[in-house]
Amino acid sequence: MKISEQWLREWVSPALDSAELAHQITMAGLEVDAIEPVSAEFSGVIVAEIISAQPHPDADKLRVCQVNTGDETVQVVCGAPNARAGLKAPLARVGAKLPGDFKIKRAKLRGVESQGMLCAEQELGLSEESAGLMELAHEAPVGTDLRDYLDLDDKVIDISITPNRADCLGVIGVAREVALLNSLEVNAPNLAPVAPSIEDTLAISVEAADGCPRYVGRIIRNIDVSRPSPSWLQEKLRRCGIRCIDAVVDVTNYLLLELGQPMHAFDLAKLQGGIVVRPAAPGESLALLDGQTVDVQPGTLLIADQSGPLALAGIMGGKASAVSETTTDIFLESAFFAPNLLAGRARSYGLHTESSHRFERGVDFQLQVAAMERATQLLLEIVGGEAGPVREVVSRADLPSRPDVELRAARIEKVLGFRLATDEVERILRGLGLEVSAGAEGWTCRIPSWRFDIAIEVDLLEELARVYGYNQLPVRHIHADLQMRARPETDLSIRYLRRHLGARGFREAITYSFVDPELQRLFDPELVPVALKNPISAEMAVMRTSLLPGLVSAVVHNVNRQQSRVRLFETGLRFAPGRDALQQVPTLAMVCAGERFAESWSTSAEAVDLFDLKGDLESLLALTRMPSDCAFEAAERAALHPGQTARITRKGQAVGYIGALHPTAGARLGLGMPLYLCEIDLAVLLEGARPEFREISRFPEVRRDLAVVVDKTVPARQLMDAVRAASGTYLTDLRLFDVYTGKGIDPKRKSLALGLTFRDHSRTLDEEVVNLAMGQVVDLLEKNYNAELRN
């Protein structure tokens with residue numbers, strides 16, 4: 001927010017120069033981004049009046065003007081389209097120096113002598129406006145130095161206001177801060193009520209009290225919109241970055257900057273019936289002041305009359321009811337709109353206005369009547385007219401509640417690290433606008449209506465530290481009695497999993513929870529993701545139901561930048577729509593593409609395959625000491641290759657997927673290499689078995705290898721489970737060490753080679769026991785799986 005230093009000093013003027021003032025404001029939490037002069041350096045420019053403006057004899061676009069400088073009349077040739085008799089404008093006299101070290105000299109333009117230059121705002125470095133001469137007020141004293149007349153020896157302070165400090169989005173808020181920091185009083189303007197001179201009122205109906213708890217309106221008749229705003233008001237608006245339009249609009253903008261209260265004026269003649277504050281009805285549209293026509297969205301709060309919408313409440317007014325040069329009667333509006341209902345509404349229309357910026361963060365909900373009186377004072381002084389009585393519609397039950405906050409003296413020393421004097425505590429709290437009453441253990445504070453950011457005790461502690469000065473807080477070592485929390489041995493940490501994957505060559509990625517709807521639909525076409533009301537962009541419009549879209553996009557990004565080997569993982573939440581509520585599921589996802597090993601003389605260049613990723617996942621499952629609880633079953637999933645996809649189950653319940661990206665999906669994403677990916681619920685990897693001691697047998701083990709030929713449709717996992725069940729209690733290890741298809745094998749069958757290891761803890765196993773177990777295995781495989789021993 002830009003604010004004029006001189007305007008601020010009208011409210012409170014500490015004995016500080018500009019740099020010291022800016023530093024003080026910054027250290028109090030209102031960061032000053034820049035301090036800039038309100039105009040560029042120039043000299044020799046005065047207020048002048050054009051007496052006559054005649055066409056140039058040899059140039060159609062030039063005029064020969066006779067200009068009164070206060071002590072003489074000079075001739076100036078000017079090309080501005082608004083040069084006319086009676087206009088008061090800046091004149092750079094001969095010898096003047098303009099911005100850019102441009103000196104004014106006596107000259108001839110097309111044979112006509114010119115003694116100076118009539119100036120536009122741009123030529124003086126006051127703004128970017130260059131459509132014509134800068135028009136000064138009729139009462140501007142001719143011959144006065146322009147810098148003195150406009151009081152241009154001023155600076156603009158650009159302050160970055162954080163969202164929680166909406167109370168500082170006006171001069172009054174910054175003045176409160178400066179006054180408190182310097183123990184001064186605020187010189188507030190007179191906000192005394194304006195007595196009505198007419199009895200005219202307009203009916204006001206609020207049908208959405210939760211969105212508009214307070215609405216204030218007033219009729220003002222017989223105004224003269226042709227009267228320009230006074231120069232002091234125009235300058236204050238200009239220095240704050242607001243363009244002057246007409247006196248009525250300028251006054252409402254002035255109140256927005258001065259008190260932080262957005263206001264709006266309607267042309268009374270264009271209203272039909274009374275004002276209605278209501279939600280939008282289906283199919284309504286509104287032509288806005290900026291020229292665009294919007295289709296009003298459901299849930300939008302409108303200011304309307306009997307004919308339809310007049311304005312988007314708290315955002316922007318409508319063009320049809322706007323004040324124009326023919327306006328004589330106005331209806332002035334001042335309201336409080338609930339921040340939670342207005343948040344993001346302007347951005348949903350592609351808008352961001354000064355009004356919406358303030359209402360979304362919270363406007364003082366007790367300010368509306370005072371702002372109406374202040375605006376009425378200024379309007380009657382500038383454009384004249386007759387004011388009617390103030391009409392107020394308020395739903396106190398829907399106004400923000402301001403419960404008292406307790407501040408304990410002991411907490412000040414404990415949290416801030418030092419003892420703050422009681423008088424200083426009360427000075428700071430009262431300076432913040434709080435009503436303070438002392439108690440046995442501390443203070444009870446009533447929070448003012450303009451401070452939405454103070455709700456609990458730590459907020460008050462923060463205010464004490466901020467106002468006292470962060471740079472003055474003492475430095476002390478932290479002392480606390482800490483207890484180590486018990487951690488079950490069955491729980492694994494995410495950090496442990498991350499280190500394990502890092503050791504296996506993976507790199508952690510962090511992607512957005514918002515993804516492209518098209519990419520989301522590619523991986524989960526059957527799910528309807530949660531759509532964002534106000535997305536950052538069209539490519540980040542929905543909440544992810546899987547971590548894979550973000551990770552796959554990261555792979556594509558890296559591959560397109562000459563990365564031939566990509567191994568990424570991510571832990572995070574996926575947002576799955578549930579029957580009753582949105583489910584936020586902690587998830588781990590892994591992707592790999594490119595070469596199996598990093599380039600080296602000791603390894604051959606081989607491409608990664610699905611079993612590499614499966615091995616990485618199995619190494620994670622092994623950390624839980626319960627790998628046998630999980631199984632892989634052939635399955636299908638969108639975007640994955642149907643012949644290279646498996647469902648991951650734990651005790652029969654699906655917990656994830658692993659597979660290869662379908663070539664069609666890869667081509668759609670612009671990925672020119674195979675990609676393998678998996679996704680599994682994180683809870684499966686964080687819950688493990690408790691470590692148990694097992695004595696190592698002193699007796700030798702016996703290993704037998706078995707090669708059987710079975711149908712290709714028989715899963716190896718199923719066959720191995722059957723072998724374990726038939727082998728008896730002496731089987732300690734079972735491994736699949738070879739899979740063969742080809743010459744010597746029926747094309748519809750495959751050969752599986754199993755290694756079975758037997759051992760007992762009490763004796764050496766003899767051949768008879770092992771042969772018996774092997775016979776049971778062979779019999780079972782021949783009977784249930786039509787297996788044949790392979791010689």
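Here's a quick briefing on a few spots worth finding in this structure. Keep in mind that the model is predicted. We'll look at a mostly enclosed helix, α9, then at the largest nonpolar core, which has 52 residues. After that come the crossing of helices α2 and α4 and a buried proline, P309.

**Helix α9**
- Start with α9, which runs over residues 354–361; 6 of its 8 residues are buried, so the rest of the structure largely encloses this helix.
- If you want to pick out the buried ones, they're S355, S356, H357, R358, F359 and E360.
- What's doing the covering? Among the elements over those buried residues are α6 (247–258) and strand β21 (330–336), along with the helices α7 (339–342) and α8 (345–348).
- Step just past the end of α9 and you'll meet G362, whose phi is positive, at about 115 degrees.

**The nonpolar cores**
- In soluble globular proteins, nonpolar side chains tend to be buried together.
- Here, the largest nonpolar core takes in 52 residues, and the members touching the most others are I159 and L255.
- Helix α6 is the top contributor to this core, giving 7 residues.
- There's another core lying apart from that one, made of 28 residues, including F569, C678, L682 and V684.
- Back to L255: leaving out residues up to four places away in sequence, L255 touches G260, Q261, M263, A371, R374, A375 and L378.

**Where α2 meets α4**
- Helix α2 covers residues 18–27 and helix α4 covers residues 171–181; their axes come within 11 Å and cross at roughly 100 degrees.
- How do the two sit relative to each other? An angle from 65 to 115 degrees counts as roughly perpendicular, so that's the label for α2 and α4.
- On the α2 side, the contact uses L21, Q24 and I25, and these meet V174, V178 and L181 of α4.
- Sort the residues of this contact by type and you get 5 nonpolar, 1 polar and no charged.

**A buried proline, P309**
- You'll find P309 in strand β19, which spans residues 308–312.
- Is P309 buried or exposed? Its relative accessible area is 19%, and buried means under 20%, so P309 counts as buried.
- Setting aside residues up to four places away in sequence, P309 touches R278, E284, S285, L286, L302, I303 and A304.
- For a sense of scale, take R507: between P309 and R507 there's a separation of 198 residues in sequence and 55 Å in space, C-alpha to C-alpha.

Definitions and conventions: Residues are numbered from 1 along each chain as its sequence is written. This is a predicted model: local features need pLDDT of at least 70, side-chain atom pairs count only at pLDDT 80 or more; totals for chains, interfaces and linings use all residues. Side-chain values use heavy atoms; hydrogens and water are left out. Buried means under 20% relative accessible area, exposed over 50%, partly exposed in between (1.4 Å probe, protein chains only). Helices (H or I, at least four residues) and strands (E, at least two) are DSSP runs, numbered from the N terminus. Contact means heavy atoms within 4.5 Å. A nonpolar core is a set of buried Ala, Val, Leu, Ile, Met, Phe, Trp, Tyr and Cys residues joined through side-chain atoms within 4.5 Å. Axes are lines fitted to C-alpha atoms, for helices over the stretch in contact, and angles run from 0 to 180 degrees between N-to-C directions. Angles under 35 degrees count as roughly parallel, over 145 as roughly antiparallel, 65 to 115 as roughly perpendicular and the rest as oblique. Ala, Val, Leu, Ile, Met, Phe, Trp, Tyr, Cys and Pro count as nonpolar, Asp, Glu, Lys and Arg as charged, and the others, Gly among them, as polar.
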